[in-house]
Amino acid sequence: MTLITRKNIAELHDVNQENCISIFIPTHRAGEKVLQEEDPLSLKNQLKDVKDKLAKKGLNEDGINNITQPVQDLIDNSSFWREQSDGLAIFAADGFFESHTLPVHFEAFNYVSNSFYLKPLMPMFVGDGSFYLITLDRDNVKLFECMRHSFTEIDIEDLIPETKQDRVGFDYEEKNLQFRSGATGSGQTMYHGQEAATGKRKNEIKKYFRAINDGLVTIFREETMPLLIAAQSPLFDIYKEVNTYNHLIEESLTIDFSDTDMFEIHELAWERMEPVFDQERKDHIARFLDEQGKGTTSIGIGKILPAAINGQIETLFCENQEDIFGQYKEENGVITVTEGEDNGKNISLMNLAAIKTFLKGGAVYLLEKEEMPNPNSRVNALHRY
């Protein structure tokens, strides 16, 4: 699955034609809804609505089919629907077509204008901080660099010896050390097996984990990204004793590796890490509230859109599932707000503000009304200057 990038956003924004079609639908990875073909039916309904909009704009049947045929081809492609994620974004124009299978849930929506509707993609670029993930699975140790919607394995073979014999001096059999839940009076994990954990066997595990820690020093030396460990709790307790990386998350992700693939582990890891990265959003909201009335915040599309176009907005807050339609005259900066997009000439002014903010380095958050810093306006902005 190829995730959409900032460069993709810029390229999509550069497409300007009389009829640019944007379609978003929620999709499903597996289950009954896939078997019942609900996803292609959802796209079919959106396509029907798009064709009606194109007809109202005066496009004839041949012209409509020319633009929308790639969408129909997706509807008819049964294998395509077996390889979905959480959402599907489609962009089509005369001679242009792209579809993006993305790990973002979209509400079913379509938009026909002279440019593409890209605001629903903004959640992929905020709260998406990077973190390290180590999977400690018996004899199999892997390191990943993760973000909210992606993970990449980092090759550590040259940093960590290939076998446990190289690490601890002999063939350690983990089955000889068994763990059971519970704690001693001192609060330490209890073990049973051929040897007590506080004895020789635990020392061998510590030697093994110390080799891992020492091998990763060259990667972690200048880093400040948080590190999450996926392991059974007793193993993590031992790893913490030898860890020297200052940004280790204090609680591990407890995983049954025999019943969990890496995609599931990544999802569980993000659930654990999301509150850490959501702090940035909270900090931006707090700054907006603190700076209201000081000239560095604004509400209302009339003030915000020109500032977004001029690169003055550091953070834009848009009310989710809401929009502001109208017209914008680039030559003189005149903004006209209307009730909707029905006349075919109106555009989403909120979408334009979001994309201009994003492409000029600002952050864009889609929030529910009750989460907006100033809920009396559908758009709020925190300015750079």
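## The four-stranded sheet

Let's start with an open sheet of 4 strands, ordered β3-β2-β1-β4 and paired antiparallel. On the outside sit the edge strands β3 (96–102) and β4 (109–113), each of which pairs on one side only. From one strand to the next, the twist averages 10°. Axes here are lines fitted to C-alpha atoms, for helices over the stretch in contact, with angles running from 0 to 180 degrees between N-to-C directions. Strand names come from DSSP runs (E, at least two residues), helices from H or I runs of at least four, all numbered from the N terminus. Two strands count as paired if DSSP finds at least two bridges between them.

Strand β2 (residues 87–93) and β3 pair in the antiparallel sense over 7 bridges. In β3, Phe97 is the residue opposite Ala92.

## What you're looking at

This is a predicted model, with local features needing pLDDT of at least 70 and side-chain atom pairs counting only at pLDDT 80 or more, while totals for chains, interfaces and linings use all residues. Residues are numbered from 1 along each chain as its sequence is written, and side-chain values use heavy atoms, leaving out hydrogens and water.

## Two helices that cross

Helices α6 and α7 have axes that come within 9 Å and cross at roughly 60°. That makes α6 oblique to α7 (angles under 35 degrees would be roughly parallel, over 145 roughly antiparallel, 65 to 115 roughly perpendicular, and the rest are oblique). The contact (heavy atoms within 4.5 Å) involves, on the α6 side, Lys202, Ile205, Lys206, Phe209, Arg210, Ile212, Asn213 and Leu216. From α7 come Leu235, Ile238, Tyr239, Glu241 and Val242.

The crossing of α6 and α7 is right-handed, so the near helix is turned clockwise from the far one by less than a right angle (anticlockwise would be left-handed).

## Salt bridges

Take a salt bridge as a side-chain nitrogen of Lys or Arg within 4 Å of a carboxyl oxygen of Asp or Glu; by this rule the count comes to 8. One of them is on the α6 and α7 pair: the side chains of Lys206 and Glu241 meet at 3.1 Å, N to O. Lys206 belongs to helix α6 (residues 200–220) and Glu241 to helix α7 (residues 233–242), 35 residues apart. Glu241 is partly exposed at 45% relative accessibility, on a scale where buried is under 20% relative accessible area, exposed is over 50%, and partly exposed is in between (1.4 Å probe, protein chains only).

Helix α8 takes part in salt bridges too. Glu314 and Arg287 have their closest N and O atoms 2.6 Å apart. Glu314 lies in strand β12 and Arg287 in helix α8, so this pair ties together parts that are 27 residues apart in sequence. Both ends are partly exposed, Glu314 at 22% and Arg287 at 30%. Shared partners also join Lys202, Lys206 and Glu241 into one salt-bridge network.

Arg148 bridges to Glu274 with closest N and O atoms 4.0 Å apart. Arg148 is in the loop between β6 (140–147) and β7 (150–154), while Glu274 is in helix α8 (residues 262–291), 126 residues away. Arg148 is partly exposed at 27%, as is Glu274 at 33%.

## An unusual backbone angle

Most residues other than glycine have a negative phi. Gln321 goes the other way, with a positive phi near 65°. Gln321 sits in the loop between β12 (313–319) and β13 (325–329), and is exposed, with a relative accessible area of 51%.
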